[in-house]
Amino acid sequence: MTGERMLADEPVDAAVLQSDLVYEGRVWDVRSDTVAYGDGQIVRQYVDHPGAAGVVALDEHDRVLLIQQYRHPIRLRDWEVPAGLLDVAGESPLQTAQRELAEEADLVASSWEPLVSVFTTPGGNDEIVHLFLARGLSAASVVHAREDEEADIRIEWMPLADVVAAVFAGRMRNGILATGVLAASERLRR
């Protein structure tokens with residue numbers, strides 16, 4: 001970009017003066033940090049999250065794999081792309097995405113590309129989600145047992161353009177799904 005300044009998020013080295021564990025959860029924790037910022041101090045509570053990886057899986061007809069499962073905080077069975085926590089020691093985001101595609105949809109892919117990484121709610125948690133485009137899909141050699149919310153996962157294949165339209169129409173509001181399908185659509189357009 002000649003003559004233009006490229007905008008990017010900028011790291012800030014604000015000293016954390018105190019960090020307290022407010023709540024220790026099964027999946028994530030809540031922390032309260034006192035931070036030296038500007039000429040003073042600020043206190044911020046946030047969810048300390050391990051991060052996640054998600055998959056926009058496209059078949060040979062550019063249909064996207066959607067899963068639907070119950071999400072208690074929103075009291076909905078929302079449509080999502082396969083995704084899961086970065087909760088296995090030593091596992092890269094790509095390996096997590098591959099594991100989640102196999103666990104949630106019993107599929108593997110021969111082609112993987114990074115799409116985008118996003119902070120889901122930077123004012124309230126430190127979660128980052130890494131999204132990947134998966135192509136060359138085939139059945140996994142192992143069918144995974146599912147429990148809890150995953151026990152009644154519903155799987156649908158929808159044309160990518162229809163899912164993008166559903167996002168814009170407000171019928172599908174999952175942020176990871178929206179970001180992933182919009183990024184995949186742009187990748188295919190280019």
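**Exercise 1. Find how many bridges join strand β5 to β6, and place β5 in its sheet.**

Step 1. Five bridges join β5 (residues 63-71) to β6, and the two run antiparallel. Strands here are DSSP runs of E, at least two residues long, numbered from the N terminus; helices are runs of H or I, at least four residues long. Two strands pair if DSSP finds at least two bridges between them.

Step 2. Take one bridge: I67 has E80 of β6 as its partner.

Step 3. Widen the view. The open sheet has three strands in the order β6-β5-β10, with antiparallel pairing. Its edge strands, β6 (76-80) and β10 (154-159), each pair on one side only.

The model is predicted: local features need pLDDT of at least 70, side-chain atom pairs count only at pLDDT 80 or more, and totals for chains, interfaces and linings use all residues. Residues are numbered from 1 along each chain as its sequence is written, and side-chain values use heavy atoms, leaving out hydrogens and water.

**Exercise 2. Decide whether V56 is buried or exposed.**

Step 1. Locate V56: strand β4 (residues 52-57) holds this residue.

Step 2. Check its relative accessible area, which is 0%. Buried means under 20%, exposed over 50%, partly exposed in between (1.4 Å probe, protein chains only). So V56 is buried.

Step 3. List contacts (heavy atoms within 4.5 Å). Leaving aside residues up to four places away in sequence, V56 touches residues including V64, F132 and V181.

Step 4. Compare sequence with space. V56 and T179 are 123 residues apart in sequence, yet 9.8 Å apart C-alpha to C-alpha.
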